[in-house]
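This report considers the annotated membrane segments of a chain, one unusual backbone position and the packing of nonpolar side chains.

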Amino acid sequence: MWVLSGSIIRYLIYMILGTGMDPISVLLKGSLAVVYLYYFSQLRKVTNGGSYNPLFVLCHAISDNFVEFLYVVFGRIPAQVFGSVIGVWLINATFPAAADGPHLNVDVSYGAFIEGLITFAIVILSLGLNKFPRSSQKTWISSFAKLVLHVLASDITGGVMNPASAFGWAYAQGKHLTKEHLCVYWLAPMEATSMVVWICSLFIKLPKQKRQHEMQYKDKLV
């Protein structure tokens with residue numbers, strides 16, 4: 001759903017509003033993008049922890065027990081990758097004009113640094129916001145931050161911050177085993193996520209995945 005709807009919505013926005021950078025167009029595009037990100041954040045709550053990004057399930061799995069870690073690595077992440085591949089295939093089959101994945105416009109080392117940096121920023125922000133589970137503003141803050149980081153890196157790496165999504169596009173192009181793809185869109189984000197978890201473990205106690213689910217159930221009951 002993330003890959004399919006994201007590509008189609010982005011294509012329709014640019015078809016209707018064009019590629020202009022005047023203040024009104026930028027404001028409208030930004031507002032629609034934030035609403036789109038907010039929708040998927042809410043969908044995560046409705047599905048009781050469903051996620052389209054391996055990095056966010058991985059950061060909790062690292063701090064959880066070994067069984068949960070294995071479940072994430074061999075269950076949830078492969079499912080996310082498979083869903084991304086299917087999403088890209090559906091785009092190419094039904095809406096080929098909207099098929100436009102991320103492009104690396106710099107060398108591999110610089111691209112890996114940028115992708116790792118923006119991943120570090122969004123993951124540490126998300127974990128920080130988790131300290132305020134009942135805040136109604138944290139979803140909007142997270143969505144806006146993702147949009148800003150994506151825009152800042154869009155001309156460099158595509159600002160993906162999502163290995164599964166990047167794999168879907170790379171697989172469709174036959175580039176999923178290249179050094180460029182593995183280093184920039186998998187290794188760098190994974191290392192950044194691991195670093196965030198390590199840093200946060202020194203200062204805060206990361207919530208267990210089961211505990212998060214319990215809090216979500218309590219919020220629904222309240």
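## Annotated segments

The model is predicted. The UniProt record, an unreviewed entry, places the feature "transmembrane region" at residues 12-39, 110-129, 149-172 and 184-204. Two of these segments can be described by their backbone: residues 110-129 are 100% helix and 0% strand, with end C-alpha atoms 29 Å apart, while residues 149-172 are 62% helix and 0% strand, with end C-alpha atoms 25 Å apart.

## The loop at M161

M161 lies in the loop between α6 (138-153) and α7 (163-173). Its phi is near 55 degrees, a positive value in a residue other than glycine. Most residues other than glycine have a negative phi. M161 counts as buried because its relative accessible area is 8%, which is under the 20% cut-off for that class.

## Nonpolar cores

The largest nonpolar core has 15 residues, and those with the most contacts inside it are I122, V123 and L127. Two or more residues are given to this core by each of α3 (54-62), α5 (108-129), α6 and α8 (179-203), and the largest share, 5 residues, comes from α5. Apart from this core lies another, of 12 residues, which includes V81, A164, W186 and M190.

Once neighbours within four places in sequence are left aside, I122 is in contact with F56, S142, A145, K146, L149 and M161. The residue with the positive phi, M161, is thus one of the contacts of I122.

Notes
Residues numbered from 1 in each chain as written. Predicted model: local features only at pLDDT ≥ 70, side-chain atom pairs only at ≥ 80, totals over all residues. Heavy atoms only, no water. UniProt positions renumbered as here; feature names shortened; annotations may be inferred. Helix = DSSP H or I, 4+ residues; strand = E, 2+ residues; numbered from the N terminus. Buried < 20%, exposed > 50% of the residue type's maximum accessible area, 1.4 Å probe, protein only. Core = buried A, V, L, I, M, F, W, Y, C linked by side-chain atoms within 4.5 Å. Contact = heavy atoms within 4.5 Å.
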